[in-house]
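Grab your viewer and let's work through a sheet, strand by strand. Try each task yourself before you read the solution.

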Amino acid sequence: MQNGRGGKLSAVLNRKIQAPPPVWLMRQAGRYLPEYRAARAKAGSFWKLCMDPEAAAEVTLQPVDRFELDAAILFSDILLVPFALGKEVTFEDGSGPRLERTVSADELTRDSADWERKLSPAYRALELLAGRLAPSRDLIGFAGGPWTLASYMAEGQGSNDQRAAKLWGYRDPDGFARLLQRIADCAAYHLCGQIRAGASVVQIFDSWAGGLTERAFRDWVIAPTKRIVDRVRENCGSVRIIGFPRGATLAGYDLYALETGVDAVSVDTAVPMGWAVQNLGGRVVLQGNLDPVLLVAGGSAMREAIDRLVASLECMPFIANLGHGVLPETPVEHVAEFVARVRRAR
C-alpha cells in the first residue's frame, strides 16, 4: 500500500488474484461524459483545465463517482514533461497539441526547481484528490514514455509516422540518446512528484511504440523506460509501475516485460490475450485490452468480448481495461455496462 492508499488495483499489482478483477479505463475522464464537457467549457481550454488543480481534481473524480471504478487516474496530459523542459505547449481545437520543435537536447532546461514550478499544478490536484478519494480506491499518476514525447518534440505536433524523431535517431544517434535521457529524467522526476503528492500507482504511456525496428525499439523505448523505472525505484521506493508500449510487436512486448522492470504491462487491442497470458503472465501483471470501438458499438459483440476477456484471465492477476483510451463518441451507458459486466464475473 502506497501513501496509506490501496484497493483491488494495488492488490493485483502485488500479484494477488481478485475476482472480479479491478476495472478502470484509460482516458476515462473525457469528452464522452456530459459533466466533462461542461467543465471543459467552463475552463475555456483543455490546457487550462489540466493546469487548474481544483478543476482537474473535479474532472478526475467524475467517472469514478459515476461508475464506481476501482481507480482514479489524474486528469492531466503527457505534454507536461516537455512543458517542464522549457517547451511552450498549446492545444488548438480540431488540430491537437502544438509545441516548439526541439532540435537539440541542449535546448532543454535541467533545472529541477523550474520543473517543480511548472509541474506543481498536477501535484496540487493529486493532493486534493488524495483527500477526497476513498482510501480503498487507487490513485494513478502518469507520464509519457520518452520515445512518444520525443516524437512530439521533434515534430512540434503529433505525427502519423514519427518521421522527424526517427530521422534524428538514425542520423544523430548520440544526440537523440541524450534527448531521450533528458526526457526520461524529467519523466521520472514527475512520477516521483506525483507519488509524493498521493499517487499509489503510476503508468508510463508510450502510445507510439509501434512501427519501430527491433534495434530502435531497444534503444528508443526499452532503454529510456528502464532509466525511468530505475530512478523511480531509487527515489520513491516500491510503488507499482504499469507500462504501456502501444503498438509494439509481440517480440517487443516480450522484451519490454523482461527488461524494463515494470510491474504490469497494459496490452493493446491487437495483442492476443492468450499469447500475453502464456508469454508475459509469468513475469508481469496484465492489463487490457478490450477494443475501445467495442465500447462504442455495444450490444452482444461487446458483451461477448468482455466475457471472453475476463474468462481468459480468471486464474491470474489481471486488471480489466481497454486496449487504448475511451473514444469521445462512446455512449455513457456502454461504459456502465462494461463495468457492471466485469463486476459480475466470478
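**Exercise 1.** Find the strand that runs parallel to β8 and is joined to it by five bridges.

*Solution.* Keep in mind that this is a predicted model. Start from β8 and look for its bridges: five of them lead to strand β9, residues 318-322, and the two strands run parallel. To check the register, pick Gly288, whose bridge partner in β9 is Ala320. Now try β7 (residues 264-267), which also pairs with β8 in the parallel sense, over four bridges. Here Ser266 sits opposite Gln287 of β8.

**Exercise 2.** Is β8 mostly covered or mostly open, going by its buried residues?

*Solution.* Take residues 285-290 and apply the cut-off: buried means under 20% relative accessible area. Six of the six residues in β8 pass, so the strand is mostly covered.

**Exercise 3.** Work out the handedness of the unit made by β7, helix α12 and β8.

*Solution.* Follow the chain from β7 through α12 (residues 273-279) into β8: this β-α-β unit is right-handed.

**Exercise 4.** Put the seven strands of the open sheet in order, then explain why β1 and β9 each have one side without a neighbour.

*Solution.* The order reads β1-β4-β5-β6-β7-β8-β9, with parallel pairing. β1 (71-73) and β9 stand at the edges with a single partner strand each, so one side of each lacks a neighbour in the sheet. From one strand to the next, the twist averages 25°.

**Exercise 5.** Which strands does helix α10 lie across?

*Solution.* Trace residues 214-236: α10 lies across β5 and β6, at about 165° to β5.

Terms used. Residues numbered from 1 in each chain as written. Predicted model: local features only at pLDDT ≥ 70, side-chain atom pairs only at ≥ 80, totals over all residues. Heavy atoms only, no water. Buried < 20%, exposed > 50% of the residue type's maximum accessible area, 1.4 Å probe, protein only. Pairing = 2+ DSSP bridges. Right-handed = clockwise from strand over helix to strand, strands pointing away. Axes fitted to C-alpha atoms, helices over the stretch in contact; angles between N-to-C directions. Contact = heavy atoms within 4.5 Å.
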